[in-house]
Amino acid sequence: MIAKLTGTIDEIGTDNIVLDVNGVGYLVFASSRTISAIGGVGDGATIYTEMQVSENDMRLMGFASGSERDWFRLLISVQGVGGKVALAILSALEPGEISRAVATGDKAMVARANGVGPKLALRIVNELKDKVGTMATNPVVGSGGAIHAPSTNSADAVSALQNLGFKPAEASAAVAAADAEAGDGVTLDALVRLALKKAAR
């Protein structure tokens with residue numbers, strides 16, 4: 001199993017790159033986020049990889065970070081999500097944004113990705129929340145570096161901000177920041193007010 005490649009970028013396509021590793025060119029499929037992050041033709045690059053094997057195809061998927069690869073593995077574990085759809089989601093959302101979407105049940109954020117409809121987005125959010133748990137999917141660093149899990153009111157607070165006209169990503173980020181500051185036991189009303197202050201900054 002190939003876990004990581006380090007070499008020189010030979011070619012860059014719309015959804016793939018060719019990485020030259022000691023004279024061997026590896027065709028690596030990647031999200032647009034990874035392709036824009038790793039550099040240009042002739043640059044040295046290190047790519048985390050995952051091999052996908054099917055009945056009639058074998059593809060090497062590449063990622064700019066280990067966390068992106070971890071999310072790819074989680075995404076393809078959901079029924080109906082193949083490598084192409086998983087890369088589309090990772091092109092549209094950063095790993096932290098996927099974490100917040102899963103933790104808060106924000107299917108609209110996941111549905112921003114090409115090829116992901118409302119039903120599939122809902123399945124992704126529900127299945128991944130069951131698989132990885134709230135604490136794992138949305139760790140927020142609070143004061144003193146403590147890891148803080150979202151409160152039970154997070155999803156309702158995100159929905160409230162969206163009803164006020166905020167975009168899904170903006171609402172999720174503001175609520176996550178407010179949640180980390182407010183701590184456990186915060187009421188929905190207080191969480192929404194604090195999130196509005198965070199969003200206004």
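Axes here are lines fitted to C-alpha atoms, and the angles between them run from 0 to 180 degrees between N-to-C directions. With that in hand, here's a quick tour of this predicted model: a barrel that 5 strands close, plus helices H2 and H3, whose axes come within 9 Å of each other.

**The barrel**
- Going round, the strand order is S1-S2-S3-S5-S4, and the pairing is mixed.
- On average, neighbouring strands of this sheet are turned by 55 degrees against each other, ignoring direction.
- Strands S2 (residues 16–21) and S3 (residues 24–30) run antiparallel and are joined by 6 bridges.
- If you want a spot to look at, Asp-20 sits opposite Gly-25 in S3.

**Helices on the sheet**
- H2 packs on the sheet, where it touches strand S4 (44–53) and strand S5 (58–63).
- The direction of H2 makes about 15 degrees with that of S4.
- H3 lies across S3, S4 and S5, and runs at about 15 degrees to S5.

**H2 against H3**
- H2 covers residues 66–76 and H3 covers residues 83–92; their axes cross at roughly 135 degrees.
- H2 and H3 are therefore oblique to each other, and their crossing is right-handed.
- On the H2 side, the contact is made by Glu-68, Trp-71, Phe-72, Leu-75 and Ile-76.
- H3 brings Gly-83, Ala-86, Leu-87, Ile-89 and Leu-90 to that contact.
- Sorted by class, the contact of H2 with H3 has 8 nonpolar residues, 1 polar and 1 charged.

Key:
Residues numbered from 1 in each chain as written. Predicted model: local features only at pLDDT ≥ 70, side-chain atom pairs only at ≥ 80, totals over all residues. Heavy atoms only, no water. Helix = DSSP H or I, 4+ residues; strand = E, 2+ residues; numbered from the N terminus. Parallel < 35°, antiparallel > 145°, perpendicular 65-115°, else oblique. Left-handed = near helix turned anticlockwise from the far one by under 90°. Contact = heavy atoms within 4.5 Å. Nonpolar A, V, L, I, M, F, W, Y, C, P; charged D, E, K, R; others polar. Pairing = 2+ DSSP bridges.
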